[in-house]
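Visitor: Could you take me closely through the surroundings of the ligand, with the contacts set out one by one and the neighbouring helices placed around them?

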Amino acid sequence: MCGVLGIWGRSEVAADLIFGLTTLQHRGQDAAGAITFDGSFHVKIGRGLVSRVFEDRHQERLRGTWGLGHVRYATMGSTDVEDAQPVHVNYPYGLAMVHNGNVVNFAEVRENLYTEHHRLVDTSNDVALILYTFAAALEQRDLRALTFDDLFSCVDATRRAIHGAYAVICLIAGRGLLAFSDPHGIRPMVLGVRQTPKGPEYAIASETTCLDYLGFRVEGDIGAGEAVFIDATGTVHRHQGPREKPAFCVFEYIYFAREDSVLQGRVVAAERERMGRALADVVRRAGLRPDVVIDVPASGFLFASSMAQALGIPFRRGLAKNHHIGRSFILPTDEERRRMVGLKLNPIRGVLEGRRVAVVDDSIVRGTTSRRLVELLRGAGAREVYVISAAPPVVSPCVYGIDMSTTAEIIAANRTVDDVCRMIGADAVVYQELSALRSLYGEISCCDACFSGEYPTHVDREALDDIRREKEDAGR
Ligand code: AMP
């Protein structure tokens with residue numbers, strides 16, 4: 001998972017671009033990058049947090065009124081900076097690109113680019129595939145007389161070649177900013193406008209929180225199969241390309257997006273509270289009567305507090321979190337992840353002693369976090385520990401860009417809830433029910449392949465094998 005940002009401005013854009021990336025930092029902390037255009041491209045890419053990558057001198061160097069930015073999420077295979085974004089080419093146009101998602105037919109597209117267009121893709125970065133495929137489509141056109149229809153038909157040609165999830169923003173040197181989503185609209189992307197004395201400016205970002213901070217009014221989502229082009233005069237052109245059944249990633253609502261964002265017209269925080277209330281029903285039906293509900297900070301908070309309220313049980317802060325420590329989820333070995341949970345979370349004495357504690361997390365993937373938490377809570381005196389997951393059991397890997405691990409590592413794959421409970425050492429485990437979750441997102445057609453195994457696009461063994469290999473390589 002990553003965060004993308006594109007700004008079409010009328011004044012120098014670097015400061016907004018860099019600040020905007022900090023508001024998307026939750027979407028990726030592994031690398032950050034930006035590119036601006038003022039007749040030439042200016043690029044800065046580095047590893048780590050936005051605040052670490054960009055210094056004052058970079059802001060001065062990133063000249064221009066249009067720009068793209070990216071924060072990269074650490075999936076384990078590629079933490080190299082060579083795989084970071086933006087990427088750019090100078091032929092047939094100056095083109096720069098950022099994307100969020102994952103291409104599932106990587107090998108096929110790479111082969112095709114070589115045999116059909118003599119373009120060699122020598123990185124494992126899938127945005128390069130999208131960029132080269134788009135560039136190859138553009139190359140077939142009369143570039144001096146390129147119309148908007150031409151541009152959009154190149155986007156549609158790219159969509160026919162690339163399968164998977166992608167929310168793409170492309171800066172076309174001297175021409176404008178282009179954004180397009182895959183035919184299912186799996187990953188989020190929103191458009192905003194800001195009035196300035198010089199005229200309107202535009203921004204495209206993964207989430208509305210970024211637009212809010214930068215002072216852009218949200219115009220709406222760039223949905224399934226849609227493309228938007230802001231030309232050099234500042235005119236916005238929209239195009240609806242081939243559209244499949246929308247399949248917006250439900251995990252954005254559960255974990256990934258920030259709670260103040262509005263995705264597909266719904267406030268993420270409100271969705272999490274609704275999920276929390278639905279969880280209360282399952283806890284009640286399971287016959288559990290905890291004395292206190294606590295959250296796994298910070299992602300469990302909204303689920304836990306609304307669940308507690310619906311149950312009429314006190315919600316307390318039972319775990320303190322060290323916020324200045326990296327992600328445990330992406331560490332390569334189970335032992336490292338287990339240790340990291342203990343370094344990150346510390347039980348708050350007095351809240352837990354002698355009590356039946358319901359601890360609410362957004363999801364259980366490998367079960368490492370929950371197992372360690374149960375130990376910590378018992379160590380702090382909890383009489384019984386019930387682990388509550390706001391997500392249904394994760395049973396299948398995500399092939400669309402969320403690091404979900406492999407089937408072999410996923411604790412609930414091929415296991416019952418009782419098995420999971422035993423493995424993590426809890427007194428009870430309660431999961432959100434998939435049917436309840438589906439009725440919550442109702443008319444928004446979502447992708448829930450991680451819980452149902454029903455992938456909206458064709459997924460062959462190759463894509464699943466790639467994920468497994470990537471993890472194995474990283475674990476070595
Ligand atoms: P696990 O320890 O493998 O069961 O991981 C579950 C924990 O990791 C939960 O606390 C989540 O907040 C977090 N988490 C779940 N999915 C992801 C993800 N794709 N990337 C990073 N963290 C995640």
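Guide: In this predicted model, a good place to begin is Tyr73, where a polar side-chain atom lies 2.5 Å from a nitrogen atom of the ligand. Two backbone contacts can be set beside that side-chain contact: a backbone N or O atom of Gly367 lies 2.8 Å from an oxygen atom of the ligand, and a polar backbone atom of Thr368 is 3.4 Å from an oxygen atom of the ligand. Taken alone, the ligand exposes 500 Å², and 95% of that is buried by the protein.

The shell behind these contacts consists of 16 residues around the ligand, of which Tyr73, Asp361, Asp362, Thr369 and Asp403 come nearest. Sorted by class, that shell holds 7 nonpolar, 5 polar and 4 charged residues.

As for the helices, H8, which covers 250-256, and H12, which covers 368-379, each supply at least two residues of the shell around the ligand. Helix H12 can also be followed outwards to a neighbouring helix, H11 (residues 334-344), for the axes of H11 and H12 come within 9 Å and cross at roughly 45°. Because of that angle, H11 counts as oblique to H12, and the crossing in which H11 passes H12 is right-handed. Helix H12 therefore appears twice in this account, as a supplier of at least two shell residues and, by its angle to H11, as one partner of an oblique pair.

Notes
Residues are numbered from 1 along each chain as its sequence is written. This is a predicted model: local features need pLDDT of at least 70, side-chain atom pairs count only at pLDDT 80 or more; totals for chains, interfaces and linings use all residues. Side-chain values use heavy atoms; hydrogens and water are left out. A residue is near a molecule or strand if one of its heavy atoms lies within 4 Å of it. A polar contact is a pair of N or O atoms within 3.5 Å; within protein, one must be able to donate a hydrogen and the other to accept it, and residues adjacent in sequence count only if both atoms are side-chain atoms. Accessible areas come from the Shrake-Rupley method with a 1.4 Å probe; for residues, only the protein chains shown count as cover. Helices (H or I, at least four residues) and strands (E, at least two) are DSSP runs, numbered from the N terminus. Ala, Val, Leu, Ile, Met, Phe, Trp, Tyr, Cys and Pro count as nonpolar, Asp, Glu, Lys and Arg as charged, and the others, Gly among them, as polar. Axes are lines fitted to C-alpha atoms, for helices over the stretch in contact, and angles run from 0 to 180 degrees between N-to-C directions. Angles under 35 degrees count as roughly parallel, over 145 as roughly antiparallel, 65 to 115 as roughly perpendicular and the rest as oblique. A crossing is left-handed if the near helix is turned anticlockwise from the far one by less than a right angle, and right-handed if clockwise.
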